[in-house]
Amino acid sequence: MPGTRFHKFDHKPRVIVTRRLPEAVETRMAELFDVTLNLDDHPMTTAELRAAVAEAEVLAPTVTDVIDSALIGAAGPQLKLIANFGVGVDHIDLAAARARGITVTNTPGVLTDDTADLVMALILAVPRRIAEGERLIREGVWTGWSPTGMLGHRITGKRLGIVGMGRIGQAVAARARAFGLAIHYHNRNRLPKAIEGPLEATWWPTLDAMLARVDIVSLNCPETPETHHIINADRLRLMQRHAFLINVARGTLIDEAALVDALEAGRIAGAGLDVFEQEPAIHPGLLGRPDVVLLPHMGSATFEARQEMGEKVITNIRVFADGHRPPDQVLEDY
Ligand code: DGY
């Protein structure tokens with residue numbers, strides 16, 4: 001917030017980290033902070049998180065921790081910063097944090113390219129049936145090449161509809177252009193011509209209109225109250241029967257039960273999912289389907305990204321403890 005004054009620490013901040021982080025990051029944190037690490041990497045229970053917020057001056061959580069208003073209500077007055085390891089902050093009640101005067105930071109930018117790469121991997125994998133083909137070989141049932149075997153769909157020349165044209169959406173668009181896809185996007189605000197131009201991107205002010213016209217839909221927006229179940233039964237009905245749905249953002253953007261119904265009824269052609277509504281549980285209706293590719297929330301899972309995410313967490317804590325606005329402060333209207 002403009003005018004906000006940040007608390008300057010006169011001691012090493014007391015930091016509690018909720019999951020294992022890359023070793024070099026943990027070592028640096030141990031040098032810089034009065035830190036408690038989670039060396040056995042178990043996801044913390046609510047009771048453990050409550051104990052952590054009662055003691056920590058800085059909590060460094062991840063997407064697997066639910067930092068809701070009840071937990072924030074249980075925080076002691078010493079908790080000043082939630083320095084999230086990850087870009088998405090839908091697991092943190094930002095309004096409750098703000099009401100308690102707790103600053104929240106995240107780790108944007110450093111996972112953009114890796115996440116966009118995974119979107120491309122799914123854009124290729126689903127129409128070209130890559131996972132299905134791989135299973136055929138491992139199951140020992142491939143009988144050799146044939147003119148009609150394993151036919152999929154060409155992606156060159158198809159229309160890609162990107163929902164959410166922030167950093168990751170734009171990185172997906174740049175890659176998809178190189179594969180010959182036409183770029184369409186739906187975003188609250190139209191992008192400046194300087195960005196739209198090189199991508200030859202077409203802006204759709206309404207999502208419904210775009211969904212009816214594109215061949216592949218990629219979800220690249222954050223989970224917020226407005227985007228929760230942004231792909232529901234009605235929107236799935238708007239999509240074309242030959243269209244594919246890709247989601248590397250948050251599972252809760254899709255009504256998974258409605259997606260299973262749509263796939264079963266042949267109302268869309270397939271889906272590539274890296275995130276799920278109830279992680280790590282997967283809707284049973286998805287598991288046996290050959291027309292979906294399922295990945296274990298690995299968009300940012302590169303050594304490089306996880307290291308840089310950790311470095312961002314450290315920088316945010318250091319700058320904050322020094323009494324300054326941390327570089328990646330998350331504001332409520334994110
Ligand atoms: C992110 O950074 O939001 C990833 O999904 C992991 O939390």
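This section describes backbone features and one helix–helix contact in a predicted model.

Most residues other than glycine have a negative phi, and most peptide bonds are trans. Against this background, the peptide bond from Glu279 to Pro280 is cis, with an omega near 5°; Pro280 itself lies in the loop that runs between β11 (270–273) and α12 (284–287). A positive phi is found at Arg129, where the angle is near 60° in a residue other than glycine, and the position of Arg129 is in the loop between α5 (112–125) and α6 (130–138). His297, also not a glycine, has a positive phi near 45° and is placed in the loop between β12 (292–294) and α13 (303–321). With regard to solvent, Arg129 has a relative accessibility of 27% and therefore counts as partly exposed, and His297, with a relative accessibility of 27%, is likewise classed as partly exposed.

Helix α5, which precedes the loop holding Arg129, also takes part in a helix–helix contact: the axes of α5 and α7 (residues 167–178) come within 8 Å and cross at roughly 50°, so that α5 is oblique to α7. The crossing in which α5 passes α7 is right-handed. On the α5 side, the contact is formed by Thr112, Asp113, Thr115, Ala116, Asp117, Val119 and Met120, and on the α7 side by Arg167, Ile168, Ala171, Val172, Arg175 and Ala176. Sorted by class, the residues in the contact of α5 with α7 comprise 7 nonpolar, 2 polar and 4 charged.

Definitions and conventions:
Residues numbered from 1 in each chain as written. Predicted model: local features only at pLDDT ≥ 70, side-chain atom pairs only at ≥ 80, totals over all residues. Heavy atoms only, no water. Helix = DSSP H or I, 4+ residues; strand = E, 2+ residues; numbered from the N terminus. Buried < 20%, exposed > 50% of the residue type's maximum accessible area, 1.4 Å probe, protein only. Axes fitted to C-alpha atoms, helices over the stretch in contact; angles between N-to-C directions. Parallel < 35°, antiparallel > 145°, perpendicular 65-115°, else oblique. Left-handed = near helix turned anticlockwise from the far one by under 90°. Contact = heavy atoms within 4.5 Å. Nonpolar A, V, L, I, M, F, W, Y, C, P; charged D, E, K, R; others polar.
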